[in-house]
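Got the viewer open? Let's take a walk through this one, stop by stop.

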Amino acid sequence: MTKYYDALETRSADQRANDLAIALPAQIARAQTTAQSAGLAGIDGAKITSADDLVGLPVLRKSALSSAQKKHPPLGGYGDVSAARHVFQSPGPIYEIGNTSPDWWRFGRYMHAAGLTADDIVQNTFSYHFTPAGMMFENGAAAIGATIFPAGTGQTEQQARVAADIGVTAYAGTPDFLKMILEKGDALGLDLSKITKSMVSGGPLFPQLRQYYIDRGISCLQCYATADLGHIAYETDAMDGMIVDEGVIVEIVTPGTGIPVAPGEIGEVVVTTLNPDYPLIRFATGDMSSIITGVSPCGRTNMRIAGWQGRADQATKVKGMFVRPEQVATLIERHPEIHKARIEVTHDGSTDNMTVRLETDHSDEKHFENAVRDVLKLRAEIEIVAKDALPKDGLVIQDKRDLT
């Protein structure tokens with residue numbers, strides 16, 4: 001097996017930037033023919049040639065996509081069902097499209113990095129109904145030329161027997177289900193030793209579970225993907241973060257703002273896909289991660305992220321009212337002298353208390369009292385702190401109450 005899926009993975013920074021300067025304006029132009037055009041009105045797509053140029057564009061949230069789909073089913077004007085081979089429904093409900101052209105969801109790149117070859121037999125235990133996960137992994141394995149058993153979910157004993165009968169060599173599914181299959185196989189006295197590769201997603205891969213597979217001679221690498229965007233990032237044998245897929249642009253931003261955080265800081269994952277069939281510009285995943293600087297030891301040169309580091313929806317109910325990250329962003333927008341803001345919620349035994357901590361050169365807390373009350377709709381204590389004093393953990397709202 002060749003080490004890399006294609007030449008895109010090892011492009012120089014200049015090559016990648018030059019290629020993006022061609023692909024990104026074309027994708028902006030496509031998005032301007034969809035329901036996202038309202039947010040892109042007046043934008044000269046020809047001038048959007050890099051990730052830095054995306055920063056001034058609005059973030060597209062899943063809630064907006066859902067609302068549009070309810071008004072104009074099924075895709076809300078963001079895609080064309082007639083041009084799709086499949087239509088899926090994810091929880092929400094949210095509808096997505098899919099196609100069967102080679103590596104349409106771009107999973108082949110990840111599965112190749114996980115060691116999959118045309119000689120493998122893949123037991124694909126992701127669901128084949130309603131949601132696209134099963135077809136995503138099927139499409140990627142097919143791009144490599146591997147044989148696929150479309151197992152779907154459940155039926156652990158039957159899964160184990162089939163794996164033994166047909167000589168399955170690779171597993172695709174959630175991290176924990178393979179362990180259930182292997183243990184069932186052990187109990188039944190089945191030989192599942194041909195399984196030497198596993199490709200997992202859709203749940204947490206705990207270190208002890210990965211070690212369990214390694215101890216059984218099974219490599220285990222995970223990827224990060226969503227139903228809307230397809231493949232986003234993946235692990236390689238270097239085990240040093242996740243490489244961003246070549247078909248997307250990833251930004252890490254302060255939740256609720258769309259403003260990029262510094263490398264190493266935790267923020268929300270915002271993705272622009274270069275898929276011409278379903279253009280989504282600055283789509284907010286709701287997931288948190290951070291950028292890892294430098295080049296991966298595996299030799300792939302694209303940006304790396306640290307993997308899943310929580311959810312960005314930090315909406316917190318205080319005295320019966322929700323306080324949301326977007327409100328913190330509004331406060332900063334109205335007062336440019338605020339460098340960064342963070343809300344901390346506590347409870348004194350009888351009532352909720354809210355403290356707004358502000359990184360600013362302004363020394364008078366009272367200067368911000370009216371703005372805080374106007375934006376948050378609640379009274380709060382205001383604390384001014386020095387620049388860079390607030391934690392770089394991606395939180396703009398921290399709930400310190402003991403809710404147990």
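One term to carry along: two residues are in contact when they have heavy atoms within 4.5 Å of each other. Keep in mind, too, that this is a predicted model.

**Whole chain.** Start zoomed out. You should find 10 helices and 21 strands. The radius of gyration is 23 Å, close to the 22 Å that the globule rule gives for 404 residues, so the protein is as compact as a globular protein of that length. Along the principal axes, the C-alpha atoms fill a box of roughly 75 × 55 × 45 Å. Colour by burial and 48% of the 404 residues come up as buried.

**The big core.** Now select Y110, M111, L116, F137, M199 and V250. In the largest nonpolar core, which has 49 residues, these touch the most other members. Add helix α5 (residues 133-144), which supplies the largest share of this core, five residues. Where does the core sit relative to the domains? Colour domain 1 (11-84 + 241-313) and domain 2 (99-227): both give residues to the core, so it lies between them.

Stay here and centre on M111. Setting aside neighbours within four places in sequence, its contacts are L116, F137, G140, A141, I144 and M199.

**A second core.** Next, pick I338, I343, V345 and V356. They are among the 20 residues of a second, separate core.

V356 is a handy bridge to the next view: its bridge partner in β20 is I382. Show strand β19 (residues 352-360) and strand β20 (residues 381-385) as cartoon; they run parallel, joined by five bridges. Add helix α10 (residues 369-376) and you have a right-handed β-α-β unit made of β19, α10 and β20.

**Helix α9.** Select residues 325-334. Which residues of this helix are buried? P325, Q327, V328, A329 and L331 are. Turn on their surroundings: the cover over them includes β17 (321-323), β18 (338-347), β19, α10 and β21 (397-399).

**An open sheet.** For the last stop, show β1, β13, β12 and β11. They form an open four-stranded sheet in the order β1-β13-β12-β11, with mixed pairing. β1 (60-61) and β11 (248-253) stand at the edges with a single partner strand each, so one side of each has no neighbour in the sheet. In the middle of your selection, strand β12 (residues 267-273) and strand β13 (residues 283-289) run antiparallel, joined by four bridges. To finish, click E268 and look across to β13, where M288 stands opposite.

Notes:
Residues are numbered from 1 along each chain as its sequence is written. This is a predicted model: local features need pLDDT of at least 70, side-chain atom pairs count only at pLDDT 80 or more; totals for chains, interfaces and linings use all residues. Side-chain values use heavy atoms; hydrogens and water are left out. Two strands pair if DSSP finds at least two bridges between them. Helices (H or I, at least four residues) and strands (E, at least two) are DSSP runs, numbered from the N terminus. A crossover is right-handed if, with the strands pointing away from the viewer, the path from the first strand over the helix to the second runs clockwise. A nonpolar core is a set of buried Ala, Val, Leu, Ile, Met, Phe, Trp, Tyr and Cys residues joined through side-chain atoms within 4.5 Å. Buried means under 20% relative accessible area, exposed over 50%, partly exposed in between (1.4 Å probe, protein chains only). Domain bounds come from an automatic or database domain assignment. The radius of gyration is taken over C-alpha atoms; the globule rule is 2.2 Å times the number of residues to the power 0.38.
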